[in-house]
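How does one chain of this predicted model meet two others? The account below takes the two interfaces in turn.

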Amino acid sequence: MKASLSFFVLLLTCSLSEPLFAQQLHPVIDAQIEAATNKPIAPPSTDSEFVRRIYLDLVGQIPTSQEAEQFINDSSRAKRQTLIDKLLQDDRYSRRMSEAFNVMLMERRGEDPDWQAFLSHSFQGNIAWDQMVSSMVFPDEQNEQTRGSAYFLTKRLEKYGQNPTDFPGLARDIGRMFLGMDLACAQCHDHLFIDDYKQADFQGLFAFINNSFIRRDTDYPAIGMKPVKTKLAFNSVFEEGEFSTGPKLPGLDEIPIPEFVTGEEFATPPNKETKAPGVPKFNPLKFLAEQLPTQANDSFNLNAANRIWFLMMGRGIVHPLDLHHSDNPASHPELLQLMAEAFAAHDYDIKWLVREIALSATYQRTSMVTTGLDDAKPREYRLFHEKPMSAEQLMWSMITATGHLQHIPDTTNTSTSQTDEEQDQLPLGLEHIRADFLAAFANPPREPETEFAPSVRGALFVLNGPRVLDWLESRPDNLTAKLETLETGFATPLYLAVLSRKPTQEEADKFNQYIESQSDKSTAIKQAIWALLASNEFAINH
Amino acid sequence: MNNIQYKAVAAPSTDRQLFNAKFSHDGKLLIAGSYQGDLRRFELTEAEPTELTPFGNHHGWVQAFALHPTENLLISGDSWGKLQAHDYTQENPMPLWSLEDAHDGWIRSVAFSNTGEWFATCGMDQIVRIFQTKNGKLRHELKGHNADVYHVLIHPHDDSIVSADALGNVIHWDMKKNRPKRQFDASETFLAHRLQDVGGVQCMTWSPDGTTLLAGGTRPKNGATVQGIPILIGFSWETTERVFLKELGATSDCYCEDVAYHPRGFLMAVTSGTPGTGKIQFLDSQNLDTAEPLFLLSNLSNCHSLDVHPDGDMIAVTTTVRGSNGNGRKVDADGNYIGNTSPIQLLTPDSPMK
Amino acid sequence: MTQSPNNSERHPLCNTAEHVFTRRQLLGGSATGLIGLGGLGGLVNPLFAKEMKSKEKQVLFIWIDGGMSQLESWDPKPNTQFGGPFRSIPTTIPGIHVSELMPKTSQIMHKLAVDRGVSTFDNSHSAGVPRINRGDPKDRGVIYPYFGSAVANLMGPGNSGLPPYVWVKPGSGGFKYQDAGFLGPKFGALAIGEGEPPPNILLPETLSSTNNADRNSLREFANQQYSQKRPPKFSEAQNFVYDTAQALMQKRSLFDNPDPKDVARYGDTPLGRDMLIGRKMIEAGVRFVKVNSYGWDTHGDNFNAHASLMPRFDQAFTAVVEDLDERGMLDHVLVIAMSEFGRTPRINGHIGRDHWPEAWSIAMTGTGIKQGAIIGSTNDDGTWVTSEPHDIGHFFHTWFNALGIDSEHTEYINDGQPLPIADEECSPIRELLS
């Protein structure tokens with residue numbers, strides 16, 4: 001503790017000369033976290049804890065038993081850093097980040113192949129976060145790989161249920177996702193108890209998008225804009241008077257609305273034949289793309305750093321993620337500020353920030369409660385706190401644990417017609433598996449997945465659903481088949497495969513005795529595998 | 001039949017909401033049943049319509065009434081089931097006869113035979129009844145509907161009796177055997193939605209030559225605050241087959257509330273939407289597929305009934321007051337709770353029609 | 001200028017109870033997190049909790065969503081300006097009449113209690129429904145639980161092994177944790193949608209009950225190992241959902257096809273079928289069962305709509321009251337039937353009625369309720385309440401007392417903050433209590 005403190009003091013005095021922390025953020029993270037508490041701090045995680053956790057966080061699934069065992073047995077001192085770097089280069093990193101950002105940004109509203117392509121392309125190429133945000137708020141229709149970014153806007157403009165087009169909802173989500181501010185309750189008046197959130201802030205955001213519309217002339221998501229001619233007028237339900245604003249981000253300057261002679265608002269006029277809407281000369285979204293994701297925008301930077309921290313740590317330094325204001329301050333304001341600045345200074349390199357957090361002792365702490373840690377609160381980071389697993393992480397992890405990956409048929413190019421027999425059976429393709437897991441574990445649309453909220457639906461899926469039980473059937477080289485070849489010593493390969501660790505003696509005895517005592521070993525093996533798949537240790541990212 | 005234009009000339013109303021407004025045969029009176037137990041009359045002889053004394057000791061809603069084809073006689077039925085006969089031209093009409101429980105509950109429709117010697121009624125008790133005009137004596141009961149019977153009407157040539165119900169079932173009755181003879185399928189006007197039966201046949205009429213039976217309503221999309229596309233279905237009287245289905249608007253236009261043929265041969269329909277847009281449209285009955293109506297007035301609020309003046313030009317459309325909906329307590333300047341009224345739009349052709 | 005739609009078309013979010021109640025959440029509190037408490041809610045004063053455990057009272061809460069018209073049901077005003085077309089009919093209580101649309105209910109009126117002097121404040125669905133369901137408590141910076149979650153917490157799940165709060169409804173099923181507010185997801189509702197059991201409720205045929213016992217025994221062993229070294233919250237939440245899942249599996253016969261005689265009695269309608277499932281859930285010992293009927297928001301064509309809606313409610317409601325009575329359950333089950341408001345006396349342009357919280361009616365019977373108590377009155381036109389008006393807070397007090405809970409002295413303890421269980425400015429309606 002004291003050593004860290006003096007290190008921190010040293011850092012503070014040196015921090016003004018930027019090269020030191022500009023390269024190494026993780027010591028700063030640790031120093032900040034440790035300096036903020038006098039209470040005991042947990043030791044580092046075991047290798048088993050770490051290998052499972054880092055695989056889940058960087059590639060979205062647990063390690064295979066070989067990967068786990070290899071890591072545990074590796075004696076090199078830098079193995080954690082080596083593993084981190086290896087996983088960051090893995091193909092599955094982009095899959096994992098696409099899945100996580102899809103849930104965060106779209107909140108289960110729907111699926112779209114162009115949107116998926118945008119995410120995959122962005123994470124495969126480690127595209128900077130500011131560029132991603134630019135793409136989302138002002139999509140580039142000419143770029144086939146990224147134009148699906150428009151889905152962020154267009155899906156929110158689609159009507160659902162009996163509701164009219166939810167322009168206020170879209171304005172709200174731009175605030176939530178990119179500024180960390182939920183301005184919903186500031187639409188009709190200044191926020192009643194968050195002094196920082198003003199009605200003018202909401203209306204300024206609203207003015208960016210209230211003239212937008214979903215284009216119907218393309219087969220990919222695309223956003224159109226009508227000519228914006230006037231400022232937006234609004235009233236407060238509490239204050240007298242007429243107010244107005246042009247498009248304006250909180251804390252930044254209002255964008256002036258140019259005047260055009262009627263008939264000259266369009267750079268490209270609407271085309272009645274192709275039904276392409278006109279391209280107006282003035283498009284507020286262009287300015288949004290320029291002003292929103294910039295170093296000058298503090299809220300943007302803090303929110304970005306906070307969300308990536310959340311992905312790794314399970315909790316934002318500001319929590320909830322979209323309620324940053326003076327009365328809900330960051331748990332570690334200086335840390336957040338430093339992270340935000342460093343992230344900006346590194347050109348919003350997501351992989352860089354993820355890596356720095358992963359390298360920190362804060363991230364690598366154990367989640368096991370030891371002496372003096374009973375009272376550890378998540379906001380203190382004295383302990384690594386358990387995190388929920390997403391539907392996608394559960395899916396990939398169960399596929400990996402049971403050794404089923406090799407048995408998933410490639411159904412992408414097969415015809416859709418099925419025989420009657422086939423229709424009665426469980427469809428085997430990945431898209432069906434995904435659909436099952438989303439139905440069992442994903443939140444309904446528009447409900448953020450930030451808290452641990454297990455459901456009876458999910459439990460029943462694991463208990464009785466055909467999917468998981470199907471994977472317990474013996475197939476060449478899967479876990480069941482491998483265990484069936486053994487006479488004794490079932491527990492170790494079982495635990496390594498499912499829980500990424502070796503069993504304790506008590507655990508080994510329990511499982512070995514159970515399987516050995518059953519006359520039908522095959523069935524017993526299935527129950528044993530299932531028990532661990534259904535266990536809390538499996539379902540929780542610890 | 002081009003350039004048909006109608007314009008509003010007056011909109012008499014009174015202190016109660018009103019149902020179907022009809023012209024007397026001499027065209028001097030406009031009569032409508034009210035929402036509270038009586039009938040209201042307006043005299044049309046002066047420039048401004050003036051209201052006369054209300055009449056009819058009814059209860060509840062007086063939705064159903066019909067005028068005798070030749071005499072100054074009006075039969076009215078209310079939503080409690082009472083039937084009465086009045087001379088509607090008297091200054092203070094008194095009932096010629098009165099039947100307290102002609103039906104068990106809501107009487108929806110009244111229609112005279114071609115000579116007026118008898119008339120038919122129908123209602124919520126699912127029964128069609130035939131009464132003698134001069135004294136209200138019951139002559140027949142026709143049972144066969146399984147739902148609230150919304151309409152009864154008599155064929156212009158041979159006194160055939162047709163009735164239509166809330167499920168979209170239309171029955172042509174066999175008067176000798178007192179049971180259904182044939183049925184027409186207007187079930188497209190009906191939808192079972194959640195706990196509610198939605199729709200049913202809202203209006204009916206005959207083509208002038210009696211060969212086509214028209215039924216109007218909505219093709220419901222949902223119950224509660226009903227939405228649906230207003231539709232008009234035409235059936236061959238001879239074969240019962242459907243000969244046309246015309247959509248009269250969008251899902252917010254909801255119900256086709258009333259339909260009538262103008263003496264000049266075109267079809268007229270009024271719709272009542274949610275929220276409150278009402279439309280009057282005139283259609284070329286020979287060319288119903290033509291998308292454009294011959295005339296369309298769409299700036300009215302909910303239209304509920306349609307009648308044509310005997311002189312063949314003026315029409316009367318009951319409507320409502322714009323902005324007469326809204327949650328919660330709406331009060332006037334004196335703090336009194338504001339009710340609603342039903343202005344009867346009177347429209348005449350803008351220029352003489354050919 | 002273009003007008004922002006903030007006034008006339010208020011965003012639905014501006015009408016939610018969150019508008020007023022989420023101060024704590026906004027301040028970064030853990031309102032939506034877990035309440036890591038075992039067994040009966042530790043949020044209640046422990047002495048009281050012990051006492052509550054021993055009682056077996058239950059609640060059947062019939063929610064008529066959209067606003068049933070009091071003028072077409074409990075408080076008719078026939079042949080008046082706003083009275084509409086229908087007649088009123090006498091009931092088994094001399095001098096008391098109801099709408100002709102509820103003939104069966106008129107015959108059990110002597111078993112019911114009705115307050116016709118209900119007057120509440122919210123005339124919107126999106127905010128009104130949660131406010132009414134939460135008892136419209138004063139703003140304390142927390143999201144108050146719905147009545148079902150409150151009862152689940154205050155009275156516990158009972159011995160059924162089933163979740164304490166089951167919601168039978170059309171549409172989607174699933175776990176609706178939002179109802180629980182600050183009490184935490186454990187006190188949310190398990191929703192049964194379309195009478196369907198939750199998916200995957202049946203043990204697969206390939207598994208014997210021994211297999212099932214074995215695998216769960218191993219699972220529980222693994223969980224014990226894990227929880228020895230980890231904080232309790234996540235583990236408890238997981239254990240809870242697995243326990244609930246298994247309890248549902250054991251009670252799967254609740255979802256079997258109903259007896260045709262029962263279907264005929266309750267009506268083969270969505271409400272009839274759901275009411276029957278509700279009765280079965282009550283019989284199985286679920287503490288709080290909410291049965292929803294949707295589609296009552298009759299802005300257009302109110303009268304024809306109620307003409308077909310009311311008889312179906314009439315049949316299902318009287319069936320369940322009489323059924324519970326015959327089974328001797330009415331003495332320990334509180335039955336409530338209500339909407340979020342009534343409907344306007346004024347008849348609008350599309351022959352409908354709009355929302356009317358100013359003067360409406362709530363009906364109830366069962367444990368703790370005085371049968372035949374028809375209280376409260378409105379004026380001749382049905383526009384105002386002429387007796388002492390009662391807000392929803394009064395009813396929460398009344399219902400808690402009917403269940404044996406002292407509503408004025410019982411509190412939740414939320415993170416150290418004591419919170420009244422019902423609006424302190426209201427009190428129990430003595431005339432409704434037996």
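What follows describes the contacts of chain C with chain A and then with chain B.

This is a predicted model, in which local features need pLDDT of at least 70 and side-chain atom pairs count only at pLDDT 80 or more, while totals for chains, interfaces and linings use all residues. Residues are numbered from 1 along each chain as its sequence is written, chains are lettered from A and ligands numbered from 1 in the order in which they are written, and side-chain values use heavy atoms, with hydrogens and water left out.

Begin with chain A. Here 59 residues of chain C are in contact with 76 residues of chain A, contact meaning heavy atoms within 4.5 Å. Together the two chains bury about 6000 Å², 62% of it on carbon and sulfur atoms; buried area is the accessible area (1.4 Å probe) that two parts lose on being put together, summed over both. One salt bridge is counted between chain C and chain A, a salt bridge being a side-chain nitrogen of Lys or Arg within 4 Å of a carboxyl oxygen of Asp or Glu. R230(C) and E49(A) form a salt bridge, with their closest N and O atoms 3.0 Å apart. There are also 10 residue pairs in polar contact between these chains, both residues at pLDDT 80 or more. A polar contact is a pair of N or O atoms within 3.5 Å; within protein, one must be able to donate a hydrogen and the other to accept it, and residues adjacent in sequence count only if both atoms are side-chain atoms.

On the side of chain C that touches chain A, at least two residues each come from β1 (2–3), α1 (18–21), α2 (23–26), α7 (209–227) and α8 (232–250) of chain C. Helices (H or I, at least four residues) and strands (E, at least two) are DSSP runs, numbered from the N terminus. The most is given by α8(C), with 12 residues.

Turn now to chain B. In this interface 44 residues of chain C are in contact with 46 residues of chain B, and the two chains bury about 3800 Å², 53% of it on carbon and sulfur atoms. Three salt bridges are counted between chain C and chain B. R87(C) and D104(B) meet through their side chains in a salt bridge of 2.8 Å, N to O. The residue pairs in polar contact number 20, both at pLDDT 80 or more. Two or more residues of this side of chain C are given by each of α10 (270–283), α11 (302–326), β11 (342–347) and β12 (353–356) of chain C. The largest share, seven residues, comes from α11(C).
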